[in-house]
Amino acid sequence: MQKNIPFMITHLQTNTWIKLLFIICLYLTISCNSNRKNTEKQTGIPSPKNLTAYFDSLQHHGFYIPYHSDSTDREKVMHTIRLLQEYQTRERKFYPAKEVQTALELMRNELGYINSHRGDDLTAEDNGFFFRFLEQAARLCPDLYLLADVTSADHKVGVINFQEWSINPLYSFLLYENGKGGWNVTPIDTVGNVKIEKIFKLDKNGQTYYLLSNNFLPITFTQFIFMTENGITSLFQGKQYEEALKAWYENRPEDYTITFNPQKICWNFCHEVGEYYQPIENTKTLYLELKKEQSYFYVE
C-alpha cells in the first residue's frame with residue numbers, strides 16, 4: 001500500500017474514499033506493532049520526486065507541522081524540505097544536516113510537549129508529518145553519522161533517540177541501509193518506552209544480528225534484535241524476554257553494575273574490582289540465545 005502514497009498525494013482528489021484510504025495507509029506505515037515486532041521489505045519507504053508537493057499534500061490531508069509557539073518554526077521546516085529537494089535533484093551539493101537536525105528538534109519539542117501535557121496518546125495527525133519528514137531525511141542522508149545518535153561498529157545500523165520535555169524517552173528509531181545510498185527508518189517499540197544507548201554487532205551460525213541495547217539499570221534495561229535475511233528485515237525483542245528478566249531480578253543485589261559480555265551474549269550483576277568487573281556471588285546470569293526470529297532469553 002505504501003507504493004501508492006506518492007500518486008495519491010501528488011494528484012489531489014476530493015473524493016471521500018480517496019482521502020480515507022490515504023489516511024489509513026499513512027497510519028499503517030507509521031504505527032508501531034503492539035507485539036514489539038516489525039518485519040518489512042527494504043523498499044517500503046516512498047520516494048516522491050517533488051518533496052515540497054509531497055509535504056504540502058500531507059498538510060492538505062490534516063497532518064500538520066508540529067511546532068510549539070513561533071510560526072517561523074513552520075517556515076524553518078518547509079525551508080529544510082526545499083533544501084532536501086534541491087539535494088535530491090543535485091541542485092545542492094551538500095546534504096543540509098544542520099537544518100535537518102534543527103527541524104527535527106523543533107517538531108520533537110512540540111510532540112514532547114503534547115505527550116507530557118495533554119494526557120492523550122499522540123495521534124497520526126500529531127506525529128504523521130514528523131515521521132514522514134524523518135523518513136525522507138533518512139532516505140536522502142549520505143552518511144549515518146549525520147542523523148544517528150548511536151551507530152554500529154560496521155556503520156550499517158544506527159539509532160536516533162528523541163526525548164520528551166523531561167529526560168524521559170519519546171521515540172527511538174532504527175536506521176538501516178536502503179541499498180540506494182541512504183537509510184530506511186522504523187520506530188523501535190512504542191511512544192515513551194525506549195532509549196537505545198549501544199548497538200552490538202553479533203554473528204552466529206553465519207547470520208549477523210544487531211543488538212539494540214540499554215543495559216545500565218534494571219528500570220531502563222531494554223534489548224531489541226535486528227537482522228536482515230533474504231532482503232527481509234526483522235526487528236523483535238526475543239522470546240521469554242519478560243519472564244527471563246523477572247527471574248534475573250529476583251536475587252538482584254543493592255549495589256551493582258550491569259555488564260554485557262558480547263562473546264557469551266550474557267548480562268551479569270558485577271562489582272568493579274580494579275580495572276575489571278567481577279560477577280557478584282549468588283546472582284544469576286541472563287543469556288540471549290540467537291536463533292533468528294526464534295531467538296530467546298533464559299537465566300542460569
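I began with the pairing of strand 4 (residues 169–177) and strand 5, which run antiparallel and are joined by five bridges. I keep in mind throughout that this is a predicted model. Within this pair I looked up Glu177 and found that Trp183 in strand 5 stands opposite.

I then traced the sheet as a whole and noted four strands in the order 2-3-4-5, forming an open sheet with antiparallel pairing. Strand 2 (150–151) and strand 5 (183–187) each have a single partner strand and stand at the edges, so one side of each is left without a neighbour in the sheet. I add as background that strands of a sheet pair through backbone hydrogen bonds, either parallel or antiparallel.

Next I asked which helices lie across these strands. Helix 5 (residues 97–117) lies across strand 3 (157–163) and strand 4, and I noted that helix 5 runs at about 140 degrees to strand 4. Helix 6 (residues 124–140) lies across strand 3, strand 4 and strand 5, and here the angle to strand 4 is about 30 degrees.

Last I turned to helix 3 (residues 51–60), where I listed Leu51, Tyr54, Phe55, Ser57 and Leu58 as buried. These residues are on the same side of helix 3 because they cover an arc of only 155 degrees around the axis. At the N-terminal end of helix 3 I found Asn50 acting as a cap, with a side-chain oxygen 3.1 Å from the backbone nitrogen of Thr52. Following the chain to just after helix 3, I recorded that Gly62 takes a positive phi of about 100 degrees.

Notes:
Residues numbered from 1 in each chain as written. Predicted model: local features only at pLDDT ≥ 70, side-chain atom pairs only at ≥ 80, totals over all residues. Heavy atoms only, no water. Pairing = 2+ DSSP bridges. Helix = DSSP H or I, 4+ residues; strand = E, 2+ residues; numbered from the N terminus. Contact = heavy atoms within 4.5 Å. Axes fitted to C-alpha atoms, helices over the stretch in contact; angles between N-to-C directions. Buried < 20%, exposed > 50% of the residue type's maximum accessible area, 1.4 Å probe, protein only. Arc of directions from axis to C-beta. Polar contact = N/O pair within 3.5 Å; in protein donor to acceptor, adjacent residues only side chain to side chain.
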